[in-house]
Structure formats: C-alpha cells, structure tokens
Amino acid sequence: MPRIVVFLCLLVLSIFATAQKQEGLALTPPMGWNSWNTFACDIDETLIKETADALVDSGMRDAGYIYLNLDDCWHGERDENGFIHPDPERFPSGMKALADYVHSKGLKFGIYSDAGDETCAGRPGSNGYEFQDALQYARWGVDYLKYDWCKTENLSAPGAYRTMRDALSRVGRPVVLSICEWGDNDPWLWGEEMGHLWRTTGDIINCWDCEVDHGTWSSWGILRILDMQEGLRKYAGPGHWNDPDMMEVGNGMSESEDRAHFSLWAMLSAPLIAGNDVRNMSKTTREILTNKDVIAINQDALGVQGFKYKEDLDRGLEYWFKPLANKEWAMLVLNRSDEDQKIRFEFKKEDVIDPDFADQGYGFNANFSRARYDIYDVWEKKELGTTRRTLKTTVKAHDVVMYRLTKITEEKPH
Ligand code: GLA
C-alpha cells in the first residue's frame, strides 16, 4: 500500500480512536485495604510496609484482599515540570520503592488523587495534570486509583472522570479507577463507561445507624448507607460496581454489627476494602474479614447485586436474596432492631424472583415451590437441611443470619 494511503488511514484512525476504559479489570468487586478509615492523614512508608506484611501474615491476602491502597495525604509537591512527588519526610524511599515492596508481597498497590485543584485534605489535586499524574503513577507501579471530588468547582463529573480514564488508558498500565464523587452526580448512570466502581454515598463512619453532621457534609452509619443503595443494583455488574464505601469492620462496632456490615457488603456485591489496622486486629475481626463463604458470595462470578425481598418494619427485619452463578442463591436476614427476633420462613410459600434481572432467565427465579435447595449457614458453618422445611431461627439484635442455597432437585411443572 502506498505510504500516503497508510498515513491517511492512520490519521483517520487516530482522529476517531478515543481512549476507552481499561476492560477486564475488577470483574468481581475489588478487595483490599485502604488507609483512610483508621489512619486518615497519619500515614508513612513504615505503616504501609507493616500493613503489607500483616495482610500476608493474617491470611487476608490469600482470602482475596489484594489491593493495598494509600488514601489522601501521601503527597509532597510538584516539581518544576509538574510531576508529583510523595511527602519526602513520610515516604523518604519514594513511591517506586514502596510499590516494589508491596508487589514483592504478592499484593497490588493503590493510590489516591482528586479531580479538582486540591484533595479533600488540601494536597495537590490532578486538575490540569491528569496525564502527568497517570504517567507518574505508572512509573511507580500503581495498580488502583481512587479519584476524589473535592475542589472541583465548574468541572463536570463525567468529563473529569473521563479525562483521567483516558490518561490512564493512554499510559497503558492496567489501573482500576475508583470514582469517588459520593453519588452527587448520579455516577451509576455514567460510571460504567469511565471507571470500575463508583461511590454511591458520602463517607461511612463506624456506627450502626447514625448520621454525623460535619456542617457542609455528613458521614453515615451502616444502616444509613444500606438504605441509600435502593434502586442502584441494576447498574452494577462485572467490571462496574456500586461502592457503598470502605469497611469499618474492626473499628469499634460490636461483633454482631461488624458481622452484619460485612455480610451486607457481600450481598451488595460491594468492593471489600478493609479500613481497620490489620497489624493489630483481634481474632474475631480477622475471622469476620476472612470468612471464605461470605467472600465467595461477594465474589460470585455472576456479579449480580443482592436485593431486599421483603421486610417486617415492626420488628426491623429485612430478607435479602442474591442470585449466584449455577442457579445458587445467597440469603440474608437482617435484624436492625435492638431486640433479638425469632423468624420463620416457609420457603415453599415464598416467590423469590429477581426484580431487575428476571427476564434474563431461569436462574433468577428461585422457584422455591418446586425446587429444593440445601441450606448452608455461612457463619455457623453448618448444613441446615433443605428448603422443604420451614426455617425457624433467631436473629440477634444488630446481626444477620446468612445462608448459601444450593439447588438439589426440581420438580417438573405439571
Ligand atoms: C473524601 C472521601 C474519603 C477520603 C477523604 C480523604 O471525604 O470520600 O473516602 O478519601 O476524602 O480526604
């Protein structure tokens, strides 16, 4: 082909070629650890290295917590060419060395920036430096970017996230892009195109059911955040997840509340990003965070978020279901109330059908009147018989029961 034709073809291609999101990342909800919930701005390379060691020694990494993510406040200044550098006192060995250490432990390395002029803690933002930042992160070996939304006056959210998406794509290193604009601009409507997960709410805080008012914004307890997820499940799926924020397990709530929080996040197909001090966690916290059966429900390959099937408002009970691959189901009963509650669930009489994906076929109708399932209690680690029986149990205050239902027979319709 004449060179001029090749040149013209390339020219046309380059005009029409827009950068795309990096596909194939986060096909199940990302799992990892983030510094913010416990350490806020008090982070340095010693903490991060100790955390990497602890993620390995505690079994967290092997349970799936792969990303070790720095949040706000790692930043130093930009150099005369505009490249960002870490705070030299807190990260004297530099980010490349730290990322190498994290990678040497079989983990991936995540970092934080902001689409505006400054991060929420007043460090340099990426506005106007997106490509340089993406390049610098790639040089360091960054695998995950949480991209925040402070100081973004006059920016469009889809536009700003698209700019960073394109910068990351053009640099070419695979990076999970975590959209963090708190649900303010309906990110579920455009987030799939721009990134791999999007925050749906303001910041979480370690309480069961509270709002903490900070003046211009609030942080929210577990039940408040749960309630804000309503209507969003249809937007999530492999490679694009609703993010109800990083976890508060091990940060001061009761064991029941931590178990409920973790189970609910699993049912919501939420990213499981631990936010506790994993260097000093209790056995109970570790056992909650590494419950492999609960993690398997979160990480299920079908990638369909759970739904609230019914509720008993007087007693604070909610019945949740989540379709799984191979026509299995997860079931959870949440007790929001301050009293233990007895429950009775007669499977045969319950019409559990997925409200958003039922048209996708057979596996989205549990068909309890005709199909029989084995019931496995994922917290008690016990087989409980089949769905032919009526389930009778007690759900403790501020706690859950959670089951995996595996289909064993199905009677043919008459
Ligand atoms: C925002 C985010 C938090 C955290 C802080 C850091 O509030 O929502 O998750 O990243 O900024 O300053």
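The following dialogue concerns the salt bridges of a predicted model.

Visitor: What should be known about the model before reading it?

Guide: This is a predicted model, in which local features need pLDDT of at least 70 and side-chain atom pairs count only at pLDDT 80 or more, while totals for chains, interfaces and linings use all residues. Residues are numbered from 1 along each chain as its sequence is written, and side-chain values use heavy atoms, with hydrogens and water left out.

Visitor: How many salt bridges does the structure hold?

Guide: Side chains of opposite charge can pair when their charged atoms come close. A salt bridge is a side-chain nitrogen of Lys or Arg within 4 Å of a carboxyl oxygen of Asp or Glu. The structure holds 29 of them.

Visitor: With which residue does Arg233 form a salt bridge?

Guide: The partner of Arg233 is Asp356, with the closest N and O atoms 2.8 Å apart. Arg233 lies in the loop between α9 (222-227) and β11 (241-243) and Asp356 in the loop between β16 (341-346) and β17 (371-377), so the pair ties together parts 123 residues apart in sequence. Helices (H or I, at least four residues) and strands (E, at least two) are DSSP runs, numbered from the N terminus.

Visitor: Is Arg233 buried or exposed?

Guide: Buried means under 20% relative accessible area, exposed over 50%, and partly exposed in between (1.4 Å probe, protein chains only). Arg233 is buried at 7%, whereas Asp356 is partly exposed at 32%.

Visitor: Where do Glu255 and Arg259 lie?

Guide: Both lie in helix α10 (residues 255-267), four residues apart, about one turn of the helix. Their side chains meet in a salt bridge (3.1 Å, N to O).
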